[in-house]
Amino acid sequence: MGKRQPVLPRQIIDNPKKALVKSDYQISILRSPVSSDRILACIDEGKNIFTDCRNSLSQKIFQTIFQQNIPIQLALCFKNKDIYALEFVQILSHFLKTQNYHPVLHDQILTAAQEAYANAFLWSSLELDSSKDIRPIDFFKDIEDRLQDKKYADRYMGIYLAKYPNILEVAIHVDGKPIVWPSSPTEERFRGINLIRTLTDKVAFDAKGKTIKLYFLN
């Protein structure tokens, strides 16, 4: 039997202004290079928004948060060179555990968000080319080469988790090319995308394809 596709309230997808849960922003400015351990410690201190400098608060991802009053639980906004050094799964898992999410939902969110995050970082933010024939050592060299180029290294990438009544939204924003999301992905070629579709209740994009949003019923 296929996974049920629930109809989410339109105000959550189209108009995040109608937030029904208040979020108190506790911003932590972490200078580059950023460490995962420092972010984990700050989460335990009650901080929930992390970036590398105050100027980055003018980035699109944060303007979206502050101007539209989205009920943010956690937000990260860093340059690619810092994003690459972070243990995203460790940070997200730690935060979800502090919020007492059900273990099954925790695993769904973690797996789907990691897939979306990795795809957005590699193929859109760094604009790498996907090839099944490339060797792992060559692929990692391509990543390192991109991160030596300021054009790619200094691009910002933003991630946030917003909690609405009974719905969790995970949004990932990139400054690179639009995020790849075929309308009818084949199982063999787009395993990550199919995994995301299986684990989420809905996937949405902004008009330019620069932001992917995953929705989970809680």
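## Burial and overall make-up

Of the 218 residues in the protein, 47% are buried. The model is a predicted one, and its accessible surface comes to about 11,500 Å², with carbon and sulfur atoms contributing 49% of that area.

The protein contains 9 helices and 7 strands. When contacts between residues at least 6 apart in sequence are considered, 67% of them join residues at least 24 apart.

## The sheet

The 7 strands form an open sheet in the order E1-E2-E3-E4-E5-E7-E6, and the pairing is mixed. Strands E1 (27-29) and E6 (202-205) lie at the edges; each has a single partner strand, so one side of each has no neighbour in the sheet. From one strand to the next, the twist averages 10°.

## Strand E4 and its partners

Strand E4 spans residues 156-164, and 9 of its 9 residues are buried, so the strand is largely enclosed by the rest of the structure. In a regular strand, side chains alternate between the two faces of the sheet. In E4, Tyr 156, Gly 158, Tyr 160, Ala 162 and Tyr 164 point one way, while Met 157, Ile 159, Leu 161 and Lys 163 point the other way. The buried set on the second side thus includes Lys 163.

E4 pairs with strand E3 (residues 72-79) in the antiparallel sense over 7 bridges. Within this pairing, Ala 75 stands opposite Tyr 160 of E4, and Phe 78 has Met 157 of E4 as its bridge partner.

E4 also pairs with strand E5 (residues 167-174), again in the antiparallel sense, over 8 bridges. The two strands form a hairpin with 2 residues between them. Tyr 164 has Ile 167 in E5 as its bridge partner, and in the turn Asn 166 adopts a positive phi of about 70°.

## Helix H5

Helix H5 covers residues 88-98, and its buried residues are Phe 88, Ile 91, Leu 92, Ser 93, Phe 95 and Leu 96. These buried residues pack against helix H2 (36-44), strand E3, helix H6 and strand E4. After H5 comes Asn 100, which has a positive phi near 60°.

With respect to the sheet, whose twist averages 10° from one strand to the next, H5 packs on it by touching E3 and E4, and the direction of H5 makes about 20° with that of E4.

## Helix H6 and its contact with H9

Helix H6 lies across E4, E5 and strand E7 (211-217), and runs at about 15° to E5. H6 is also among the elements against which the buried residues of H5 pack.

H6 (residues 103-125) further meets helix H9 (residues 191-199): the two axes come within 9 Å and cross at roughly 145°. The crossing of H6 with H9 is left-handed. On the H6 side, the contact involves Gln 108, Thr 111, Ala 112, Glu 115, Ala 116 and Asn 119. On the H9 side, it involves Gly 192, Ile 193, Leu 195, Ile 196 and Leu 199. Taken together, the residues of this contact divide into 6 nonpolar, 4 polar and 1 charged.

Technical notes: Residues are numbered from 1 along each chain as its sequence is written. This is a predicted model: local features need pLDDT of at least 70, side-chain atom pairs count only at pLDDT 80 or more; totals for chains, interfaces and linings use all residues. Side-chain values use heavy atoms; hydrogens and water are left out. Axes are lines fitted to C-alpha atoms, for helices over the stretch in contact, and angles run from 0 to 180 degrees between N-to-C directions. Helices (H or I, at least four residues) and strands (E, at least two) are DSSP runs, numbered from the N terminus. A crossing is left-handed if the near helix is turned anticlockwise from the far one by less than a right angle, and right-handed if clockwise. Contact means heavy atoms within 4.5 Å. Ala, Val, Leu, Ile, Met, Phe, Trp, Tyr, Cys and Pro count as nonpolar, Asp, Glu, Lys and Arg as charged, and the others, Gly among them, as polar. Buried means under 20% relative accessible area, exposed over 50%, partly exposed in between (1.4 Å probe, protein chains only). Accessible areas come from the Shrake-Rupley method with a 1.4 Å probe; for residues, only the protein chains shown count as cover. Two strands pair if DSSP finds at least two bridges between them.
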